[in-house]
Amino acid sequence: MSTYETLLSSSNARGAAYLVLVDPDKIDGNSLPKFIQHATAAGVDGFLVGGSLVLADTFEDCITTIKKNTKVPVVIFPGSVQQISKKADAILYLSLLSGRNAEHIIGSQVTAAPIIKKMKLEAISTAYMLVESGKTTSAEFMSNTKPLPRNKPDIAVAHALAAEYIGFKLLYLEAGSGAEHSVPEEMIAAVAKYCSVPLIVGGGIRTPDDARKKVKAGARFVVTGNVLEKEGSKDLIKEFAAAIHLR
Ligand code: 1GP
């Protein structure tokens, strides 16, 4: 089974799936193995690894450590073309569809493609859409693009439909790491109503209750990062998993 299929089958079996983002710049390497073991035992369905900046040269070590401590998929969520490694199970092959910066729609993808091929890494094509979230996020600033207006679900639907017709395998609605406001439920519901491509939602999700609302609105995957980096208690991860897994 491919990593994409594994992720979808977890989401189907549990009503929705919980993905935890590990940013190699923010995580303390010494506590990483324990954190991954706890998260896996708490029911996390997969790990995303990456960040907008990633200053540390620990990217590959970080993936190796995660792989050693879990059996669930470990997927690169690249902030740049520097973040590619054959140690991962797959890579989200992102195209920043919400923006109009060609470099992030197709430029970096062309640079990365031969490297990914050589590494025999599974590429999961993902339409990445930034959503306005209160203040400028790193992803927005670094990509030099405007996010989708948060009060215009119809614009998000048009982008999501375009992604579906082009043939993307995943849609990712992103408020940005540490966002003031997460992606609005109205937008998630509108996109889920009109598009059949599985939807990932992340950015600024701080409570299990908030995570559950995203699932109820139609998210097939919910991502948290910051909240666990700040207060990564075992209980909190369990509560998130229970809120996201409808069954
Ligand atoms: C994943 O960028 C997010 O989509 C993670 O956001 O760090 O705010 O949870 P947080």
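Where is A158 found? A158 sits in helix α6, residues 153-166; helices here are DSSP runs of H or I with at least four residues, strands are E runs with at least two, and both are numbered from the N terminus.

Before I go on, some housekeeping. This is a predicted model, where local features need pLDDT of at least 70, side-chain atom pairs count only at pLDDT 80 or more, and totals for chains, interfaces and linings use all residues. Residues are numbered from 1 along each chain as its sequence is written, and side-chain values use heavy atoms, with hydrogens and water left out.

Back to A158. With a relative accessible area of 44%, A158 is partly exposed; that label covers the range between buried, under 20%, and exposed, over 50%, with a 1.4 Å probe and protein chains only. Its C-alpha atom is separated by 9.7 Å from that of C195, which is 37 residues away along the chain.

Okay, the strands. Let's take β4, residues 90-96. Of its 7 residues, 6 are buried, so the rest of the structure largely encloses this strand. On one side we have β3, residues 74-76, which pairs with β4 in the parallel sense over 2 bridges (two strands pair if DSSP finds at least two bridges between them). I76 has I91 as its bridge partner in β4. And I91 turns up again, since its bridge partner in β5 is A123. β5 covers residues 122-130, and β4 and β5 pair in the parallel sense over 7 bridges. Put helix α4, residues 102-119, together with β4 and β5, and you get a right-handed β-α-β unit. Right-handed here means that, with the strands pointing away from the viewer, the path from the first strand over the helix to the second runs clockwise.

Now further along the chain. β6 and β7 pair in the parallel sense over 4 bridges, and Y172 has I200 as its bridge partner in β7. The chain gets from β6 to β7 through helix α7, residues 185-194, in a right-handed β-α-β crossover. What about the side chains of β7, residues 199-202: buried or exposed? L199 and V201 point one way, I200 and G202 the other way, and all are buried.

β7 also pairs with β8, residues 221-224, in the parallel sense over 3 bridges. There, G202 stands opposite V223 in β8. The chain goes from β7 through helix α8, residues 208-217, to β8, and this β-α-β crossover is right-handed.

Next, rings. A pair of aromatic rings is described by the distance of the centres and the angle of the planes. A search of the whole structure finds 4 aromatic pairs (ring centres of Phe, Tyr or Trp, using the six-membered ring for Trp, within 6.5 Å; planes under 30 degrees apart are stacked, over 60 edge-to-face, the rest tilted). One of them is Y128 with Y172, edge-to-face, at 5.2 Å centre to centre and 90° between the planes. That pair links distant parts of the chain, with Y128 in β5 and Y172 in β6 (residues 170-174), 44 residues apart. Both Y128 and Y172 are buried, and ring pairs link the two with F77 into a cluster.

Salt bridges, then. How many does a search of the whole structure find? There are 7, counting a side-chain nitrogen of Lys or Arg within 4 Å of a carboxyl oxygen of Asp or Glu. Take D45 and R14, whose side chains meet at 2.6 Å, N to O. This pair also links distant parts of the chain: D45 is in the loop between α2 (32-41) and β2, R14 is in helix α1 (residues 3-14), and they are 31 residues apart. D45 is buried, at a relative accessible area of 4%, while R14 is partly exposed at 30%.

Then there's D23 with K26, where the closest N and O atoms are 3.8 Å apart. D23 counts as buried at 10% relative accessibility, and K26 counts as partly exposed at 46%.

D89 forms a salt bridge with K67, with the closest N and O atoms 2.8 Å apart. D89 is in the loop between β3 and β4 and K67 is in helix α3, 22 residues apart. Finally, salt bridges that share partners join E185, D210 and K214 into one network.
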